[in-house]
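Visitor: I'm new here, so could you show me around and tell me how the descriptions are arrived at?
Guide: Sure, let's bring it up and then go through your questions.

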Amino acid sequence: MANISIIRSSRPAGAPAETRLPTDELYFDLIELLFFAYRDFVGDPDEVLAKLGFGRAHHRVLHFVNRNPGIKVADLLDILKITKQSLGRVLKQLIDEGYVVQREGAQDRRQRLLHVTSAGEALALKLAGLQTERVARVLNELGPGGRDAARRFLAGMIDDNDRDQVLRLIANADRARAHGKGS
C-alpha cells in the first residue's frame with residue numbers, strides 16, 4: 001500500500017515541498033465552512049444584483065472602483081486577477097447602465113481611470129451594507145478581539161507574495177475614505 005503524505009500549505013500547489021507544512025489530517029470542516037460562509041456572504045448581494053442583471057463579477061468591479069476612485073484599469077485587472085476580456089464585458093455593462101465612468105488620466109491620456117457614479121456608489125454601499133450586517137453579527141458573537149482574530153486569519157489565507165500589497169490596498173482605501181477622498 002502506498003504511503004500518501006497529506007500536506008497543508010499556504011503556498012501555491014507548485015511551491016517546493018520544503019515550504020509546505022505536513023499534517024496528519026485534512027481540514028475538511030474548515031474548508032467546508034469557508035465554502036458555506038462564502039456562499040452566504042455573497043448570497044444577499046447576489047439577490048440584489050440579479051434584479052439588475054448583474055452578477056458577482058459586477059459586484060467585485062463595483063466594490064474595488066468604489067473603494068479606489070480613479071483606479072487604473074490595469075490595476076483593477078491585477079487586483080481581480082482576471083483577463084482584460086472578462087473585465088471589458090463587465091465594465092462595459094456597468095458603464096452603459098450608469099454605475100461607472102471612465103476618464104482619461106490627467107498626465108497620461110492613455111490611462112483609463114475608473115470612478116463610480118452616484119448610482120454606482122449607492123449600489124456598492126448597499127451591497128457592502130448587506131455584507132457588513134452579516135460580518136457584524138458574527139463579530140458581536142465572537143466578542144472582544146474577534147475582529148482582530150478574523151483579520152489575522154483572513155490575511156493569513158492570502159498568498160504570502162500578495163499579502164503586503166493587499167493590506168496596503170485596504171489601508172490606502174481606508175485612509176482615502178477617512179480623508180474624504182472617496183467617491
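**How the parts sit together**

Guide: Let's start with a pair of helices: helix 2 and helix 5 are roughly perpendicular to each other. Keep in mind that this is a predicted model.

Visitor: What makes helix 2 and helix 5 "roughly perpendicular"?
Guide: Their axes cross at roughly 105 degrees and come within 9 Å. Angles from 65 to 115 degrees count as roughly perpendicular, so the label fits helix 2 and helix 5.

Visitor: Which residues of helix 2 and helix 5 make the contact?
Guide: On the helix 2 side you have H59, L62 and N66, and helix 5 brings G120, E121, L123, A124, L125, L127 and Q131. By class, that contact has five nonpolar, four polar and one charged residues.

Visitor: Why is helix 3 called roughly perpendicular to helix 4?
Guide: The axes of helix 3 (residues 73–80) and helix 4 (residues 84–96) cross at roughly 110 degrees, coming within 10 Å. The window for the term is 65 to 115 degrees, which means helix 3 counts as roughly perpendicular to helix 4. Helix 3 also passes helix 4 in a right-handed crossing.

Visitor: What residues make the contact there?
Guide: Helix 3 uses V73, L76, L77 and L80, while helix 4 uses K84, L87 and L91. Six of the residues in this contact are nonpolar, none is polar and one is charged.

Visitor: How do you know that R56 forms a salt bridge with D46?
Guide: The closest N and O atoms of R56 and D46 are 2.6 Å apart, and the cut-off is within 4 Å. So the R56 and D46 pair qualifies as a salt bridge. R56 lies in helix 2 (residues 56–67) and D46 in helix 1 (residues 28–51), so this pair ties together parts that are ten residues apart in sequence. A search of the whole structure finds ten salt bridges.

Visitor: What makes strand 3 and strand 4 edge strands?
Guide: The sheet is open, with three strands in the order 3-5-4 and antiparallel pairing. Strand 3 (71–72) and strand 4 (100–104) each have a single partner strand, so one side of each is left without a neighbour in the sheet.

Visitor: How do you know that strand 4 and strand 5 pair?
Guide: Pairing takes at least two bridges, and strand 4 and strand 5 (residues 112–116) have five, in the antiparallel sense. V101 stands opposite H115 in strand 5. Helix 4 lies across strand 4 and strand 5, running at about 105 degrees to strand 4.

Key: Residues numbered from 1 in each chain as written. Predicted model: local features only at pLDDT ≥ 70, side-chain atom pairs only at ≥ 80, totals over all residues. Heavy atoms only, no water. Axes fitted to C-alpha atoms, helices over the stretch in contact; angles between N-to-C directions. Helix = DSSP H or I, 4+ residues; strand = E, 2+ residues; numbered from the N terminus. Parallel < 35°, antiparallel > 145°, perpendicular 65-115°, else oblique. Left-handed = near helix turned anticlockwise from the far one by under 90°. Contact = heavy atoms within 4.5 Å. Nonpolar A, V, L, I, M, F, W, Y, C, P; charged D, E, K, R; others polar. Salt bridge = Lys/Arg side-chain N within 4 Å of Asp/Glu carboxyl O.
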